[in-house]
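Trainee: Could you take a close look at how the side chains pack together in this model? I would also like to know which regions to treat with care.

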Amino acid sequence: MCYNPPRAGFLSLVVSSILILSSFDSRASTGAVECLAGAIYKEARGESKKGQIAVAWVILNRVNHIQFPESICDVIKQPGQFPWFRSTKKLTADEEHVTLAKEILDGEHEDPTNCLLYTSPSPRDKRQSRM
C-alpha cells in the first residue's frame, strides 16, 4: 500500500491508516465500477492486461492522494486529466473491462505501478510522479 499524506490534521493521519484497509470496499459501488471500467476501456483497451491494471491503479492512487478528488468518478472527470472524457463524456465499457475493474476493486490485483500518480510524465515535468 502506498503512503498517503493525511487530508487534514493529526487525527486524520490515525483515521486514514485505519480506513485505507477498508477503502476499496466503499469504492466497489456500481458507479465506481462503471467509472473505473470505462477509464480502463478508454485509456488502455489496446494494452496488455498488466497495462490495463496499471491504468486502474494510477486512478486508485490518485483517489488516495490529497491532491486529487476522493472518488474514482471524480478523479476521471477532473478537468485536464483524461482528454477522452472531455470529448465523449461517456464511460462505457465491455464486460471484460467491467470484470477487470471489479477484480481490481476486490483486491485481486496488486499495484504494479509502485504508487504512481501518472501513467507517463508530462512534457513539462520529466520527474517521476510518485506518491
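**Side-chain packing, with confidence first**

Mentor: Let's start with a region to treat with care: over residues 122-131 the pLDDT (the predictor's confidence in each residue, from 0 to 100) stays under 50, and the model has 19 contacts (heavy atoms within 4.5 Å) for this stretch beyond four places in sequence. Residues 9-22 are also below 50, with five contacts in the model beyond near neighbours in sequence. Where pLDDT is low, predicted coordinates should not be read in detail. The protein averages 77, and 70% of the residues score at least 70. Confidence is lowest in helix H1 (residues 9-27), with a mean of 44, and highest in H3, at 96. Helices here are DSSP runs of H or I with at least four residues, strands are runs of E with at least two, and both are numbered from the N terminus.

This is a predicted model, so local features need pLDDT of at least 70 and side-chain atom pairs count only at pLDDT 80 or more, whereas totals for chains, interfaces and linings use all residues. Residues are numbered from 1 along each chain as its sequence is written, and side-chain values use heavy atoms, with hydrogens and water left out.

Now to the packing itself. The largest nonpolar core (buried Ala, Val, Leu, Ile, Met, Phe, Trp, Tyr and Cys residues joined through side-chain atoms within 4.5 Å) has 30 residues, and those with the most contacts inside it are Leu36, Ile40, Ile59, Ile72, Ile76, Trp84 and Ile104. Two or more residues each come from helix H2 (30-44), H3, H4, helix H5 (83-88) and H6. H2 gives the largest share, eight residues. For a view from one of the core residues, leave out anything up to four places away in sequence: isoleucine 40 then touches Arg45, Gln52, Ala56, His97, Leu100, Ala101 and Ile104.

Arginine 45 has a ring partner too: it lies over the face of tyrosine 41, at 4.5 Å from the ring centre. The rule here asks for NZ of Lys or CZ of Arg within 6 Å of the ring centre and within 35 degrees of the ring normal.

The model has one aromatic pair, where rings of Phe, Tyr and Trp (its six-membered ring) pair if their centres lie within 6.5 Å, with planes under 30 degrees apart stacked, over 60 edge-to-face and the rest tilted. Phenylalanine 68 and tyrosine 118 form an edge-to-face pair because their planes are at 65 degrees, with the centres 6.1 Å apart. These two residues are 50 apart in the chain: phenylalanine 68 is in the loop between helix H3 (49-63) and helix H4 (72-77), and tyrosine 118 in the segment after helix H6 (95-105). Phenylalanine 68 is buried at 6% relative accessibility, while tyrosine 118 is partly exposed at 32%; buried means under 20% relative accessible area, exposed over 50%, and partly exposed in between (1.4 Å probe, protein chains only).

There is one salt bridge, defined by a side-chain nitrogen of Lys or Arg within 4 Å of a carboxyl oxygen of Asp or Glu. Here glutamate 103 meets lysine 49 at 4.0 Å, N to O. Glutamate 103 is in helix H6 and lysine 49 in helix H3, so the bridge ties together parts 54 residues apart in sequence. Lysine 49 is partly exposed, at 49%.
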